[in-house]
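Got the viewer open? Here's a short tour, stop by stop.

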Amino acid sequence: MFPGLPDVAELQLLFAQYNWMHFAGEIPSYRIAYNARFSNLAGRISHKPPLIELSPKHLAGKPGDLRETLLHEMIHAWLHALGQSSGHTPAFKKKMRELGLTSIYHDLGRAAPLNESTKRYIVRCEKCTMEVLRKKKPSANLVCARCRKPLIAFEVVEMRPVELARAALRTPPAR
Ligand SMILES: [Zn+2]
Ligand SMILES: [Zn+2]
């Protein structure tokens with residue numbers, strides 16, 4: 001639980017609600033979680049396993065930011081489900097405009113290629129939440145040096161830097 005934020009069950013409901021409202025229910029189920037370790041990310045998505053993570057630090061008390069960040073990651077999930085490239089493609093930007101996220105669209109246009117579908121892997125220990133970033137697909141049998149637990153590999157398709165989420169706020173979000 002984080003103050004000023006919906007709990008994880010409420011997030012999951014929000015995801016289901018947006019899915020029906022904006023994506024005709026076409027997004028398969030994703031686990032929605034908070035990741036308190038993000039220092040400069042507002043949100044992050046992995047398709048394998050399906051997981052959307054949000055930063056409590058950057059989104060607490062900002063329901064507009066939370067909505068925009070969740071919807072942004074959901075567009076990636078939706079395009080992926082439709083078998084399309086999940087970068088910030090013209091289809092992505094079209095969906096953003098439909099959802100009234102035009103401000104992000106412009107800011108993304110100016111953003112450094114940093115967040116343009118850089119495929120990366122994160123290996124994480126679910127026990128101590130230690131995370132390591134890898135450029136290449138990690139081998140299957142890594143264990144946490146501290147806990148000796150098997151590490152779980154996430155294929156991260158996008159990391160959404162905080163500056164983008166911030167920049168998006170300059171224009172009030174369309175309802
Ligand atoms: Zn560990
Ligand atoms: Zn994105």
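What does A24 do just after α1? There, A24 takes a positive phi of about 50 degrees, although A24 is not a glycine. Before you go on: this is a predicted model, where local features need pLDDT of at least 70 and side-chain atom pairs count only at pLDDT 80 or more, while totals for chains, interfaces and linings use all residues. Residues are numbered from 1 along each chain as its sequence is written, with chains lettered from A and ligands numbered from 1 in the order in which they are written.

Now select residues 8–23, helix α1 (helices are DSSP runs of H or I, at least four residues; strands are runs of E, at least two; both are numbered from the N terminus). Its 16 residues reach 21 Å from first C-alpha to last, close to the 22 Å expected at 1.5 Å a residue (1.5 Å times one less than the number of residues).

Next, zoom in on A24, in the loop between α1 and β1. A24 is exposed, with 9 other C-beta atoms within 10 Å (exposed means 12 or fewer, buried 20 or more, partly exposed in between, with C-beta atoms placed from the backbone).

Move on to β1, residues 31–34: I32 and Y34 make up the covered face, R31 and A33 the uncovered one. β1 runs parallel to β3 (residues 50–54), joined by 4 bridges (pairing takes at least two DSSP bridges). Pick R31 and you'll find its bridge partner, L51, in β3.

Then select K48 and P49, joined by a cis peptide bond with omega about -5 degrees. P49 sits in the loop between β2 and β3.

Last stop: R148, in the loop between β5 and β6, has a positive phi of about 65 degrees.
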